[in-house]
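Reader: I would love a close look at the side-chain contacts in this structure, charged pairs above all. Could you walk me through them in one go?

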Amino acid sequence: MSDQDTLGHRDRCAIVGIGATDYSRDSGRSDLTLATQAALAALDDAGLSPADIDGVVRCDMDTVLHSDLADSLGIDNLTYWSEVGPGGVAPCAMVGQAVGAILSGQATAVLVFRELNGRSGRRFGLSAAADPRVGGAGSYDEFFAPYGLLTPGQIFAIMARRHMIEYGTRAEDLGHIALTCRARANANPAAQMHARTLTMDDYLSARMISDPLRLFDFCLETDGACAVVVTSTPRARDCRRPPVLIRAVAQGAIPGPQPGIQFPVLMRESIIELPARSVARTLYRRAGLGPDDIDVAQIYDCFTITVLLQLEDWGFCEKGEAGPFVATGGIDLGGRIPINTGGGHLSEGYIHGMNHILEGVRQIRGESTSQVPGAEVCLVTSTPLPPGSALVLTAA
């Protein structure tokens with residue numbers, strides 16, 4: 001292991017500004033408008049202007065190009081741009097790209113954004129074969145998917161059933177994840193589910209969408225956008241808000257074929273292990289930390305089962321023990337590892353993981369609506385698919 005691998009980017013960059021639009025089911029705005037609004041909010045939070053930005057990083061599933069946003073904001077000196085994808089694996093990797101650009105001298109301040117009209121526009125949970133916007137043409141995934149598996153929810157339902165078969169995981173265990181995220185959203189006025197409480201009876205009586213996953217095992221469909229501003233730590237100390245240090249960033253993938261978007265999960269040796277396990281090893285090594293050092297975590301939750309699997313893969317409990325772990329309060333405030341303190345994708349909004357990074361910053365700043373007392377280290381994950389990424393945020 002080289003010093004460069006473990007120390008090369010540790011704490012050398014920081015997030016100095018965060019911004020978001022409202023989260024809704026019908027924004028009434030274009031994707032570019034959403035991206036611009038979130039970016040301007042992040043710049044204002046940092047005390048910077050568009051003239052201070054010389055780098056932009058986007059997700060390759062965005063409809064807004066880097067040049068679109070630069071033009072909308074009036075950025076006239078863009079020296080770096082990049083894109084990362086697909087959707088859910090991108091956010092932490094996008095921050096990593098910003099860090100790389102700054103440390104290599106290609107940019108000094110980088111805007112990272114994600115926008116989507118995920119309810120009123122393209123609905124990511126809808127099968128490509130049934131989506132009129134793609135003309136029922138299907139996708140590359142069809143060459144690798146078993147017949148009839150058309151949506152992400154169907155694939156993750158198979159993973160959930162496998163975990164239940166192998167370890168005795170119960171529906172109620174998944175329900176505790178949904179209820180925990182909903183309780184955090186109930187405390188967050190910006191969350192889509194802020195005013196809607198959820199009980200275990202509500203969860204268990206909800207309609208089955210893809211057995212064993214029920215309605216509340218699925219993330220929300222959301223219109224909205226999020227953005228962050230990344231710069232070097234020395235420069236960050238001159239910005240408006242206290243810097244939140246990027247302790248470490250990691251990306252990774254697991255062995256085996258990697259075709260398509262969703263369906264490689266069924267081609268793994270074990271379908272109940274995500275890329276999180278390999279990403280965790282790299283991130284913990286680079287950060288010089290382990291699971292016992294994490295105060296709070298924002299865990300990618302496109303489905304409840306992805307949280308369950310990641311709790312195991314990130315070392316917060318042993319393999320097969322995540323069910324009892326969540327059922328006994330392990331992920332709640334005051335538990336072993338409080339998670340998704342803004343409500344997560346299940347109850348705050350689904351901005352493909354970017355809202356998790358914003359909530360991580362709030363926790364380190366001490367500004368969350370469900371603040372973990374004394375939180376100084378926050379893990380953020382973006383690892384539901386074969387490639388994955390994650391980062392650790394710490395107090396300056």
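Author:
**Charged pairs and their surroundings**

The side chains of R29 and D22 form a salt bridge, with 2.8 Å between the closest N and O atoms. Please keep in mind that this is a predicted model. R29 counts as partly exposed at 21% relative accessibility, just as D22 is partly exposed, with a relative accessible area of 41%. The cut-off helps here: buried means under 20% relative accessible area, so R29, at 21%, counts as partly exposed. As background, side chains of opposite charge can pair when their charged atoms come close.

The structure holds 20 salt bridges, and a few of them deserve a visit. Let's begin inside a helix. E166 and R162 meet through their side chains in a salt bridge, at 3.2 Å from N to O. Both residues sit in helix α5 (residues 152-167), four residues apart, which is about one turn of the helix. E166 is partly exposed, with a relative accessible area of 42%, and R162 counts as partly exposed at 32% relative accessibility.

Now for a pair that spans the chain. D332 forms a salt bridge with R184, and their closest N and O atoms are 2.7 Å apart. This pair links distant parts of the chain: D332 belongs to the loop between α11 (322-327) and α12, R184 belongs to helix α6 (residues 171-186), and 148 residues separate them. The two partners also fall on either side of the burial cut-off: D332 is partly exposed, with a relative accessible area of 30%, whereas R184 is buried, at 9%. Beyond single pairs, a network of salt bridges links D45, R241, R365 and E367.

Aromatic rings are the next kind of contact. Four aromatic pairs turn up in a search of the whole structure. In one of them, F218 and F303 meet edge-to-face, 5.0 Å from centre to centre and with 80 degrees between the planes. Here too, distant parts of the chain are linked: F218 is in the loop between β6 (213-214) and β7, F303 is in the loop between β9 (296-298) and α10 (304-313), and they are 85 residues apart. Both F218 and F303 are buried. Y300 and Y350 form another edge-to-face pair, at 6.3 Å centre to centre and 70 degrees between the planes. Y300 lies in the loop between β9 and α10, while Y350 lies in the loop between α12 (344-347) and α13 (354-365), 50 residues apart. Y300 and Y350 are both buried. Ring pairs also join F156, F218 and F303 into a cluster.

Cysteines can be dealt with briefly. The structure holds zero disulfides. C13 is buried, with a relative accessible area of 1%, and C317 also counts as buried, at 11% relative accessibility.

Finally, a look at one strand for context. Nine of the nine residues of strand β4 (residues 109-117) are buried, so the strand is largely enclosed by the rest of the structure. In a regular strand the side chains alternate between the two faces of the sheet. Both faces of β4 are covered, with A109, L111, F113, E115 and N117 buried on one side and V110, V112, R114 and L116 buried on the other. Strand β2 (residues 55-59) pairs with β4 in the parallel sense over three bridges, and G55 has V110 as its bridge partner in β4. With strand β7 (residues 223-232), β4 pairs in the antiparallel sense over nine bridges, and V229 in β7 is the bridge partner of L111.

Key
Residues are numbered from 1 along each chain as its sequence is written. Side-chain values use heavy atoms; hydrogens and water are left out. Buried means under 20% relative accessible area, exposed over 50%, partly exposed in between (1.4 Å probe, protein chains only). Helices (H or I, at least four residues) and strands (E, at least two) are DSSP runs, numbered from the N terminus. Two strands pair if DSSP finds at least two bridges between them. A disulfide is a pair of cysteine sulfur atoms within 2.5 Å. Rings of Phe, Tyr and Trp (its six-membered ring) pair if their centres lie within 6.5 Å; planes under 30 degrees apart count as stacked, over 60 as edge-to-face and the rest as tilted. A salt bridge is a side-chain nitrogen of Lys or Arg within 4 Å of a carboxyl oxygen of Asp or Glu.
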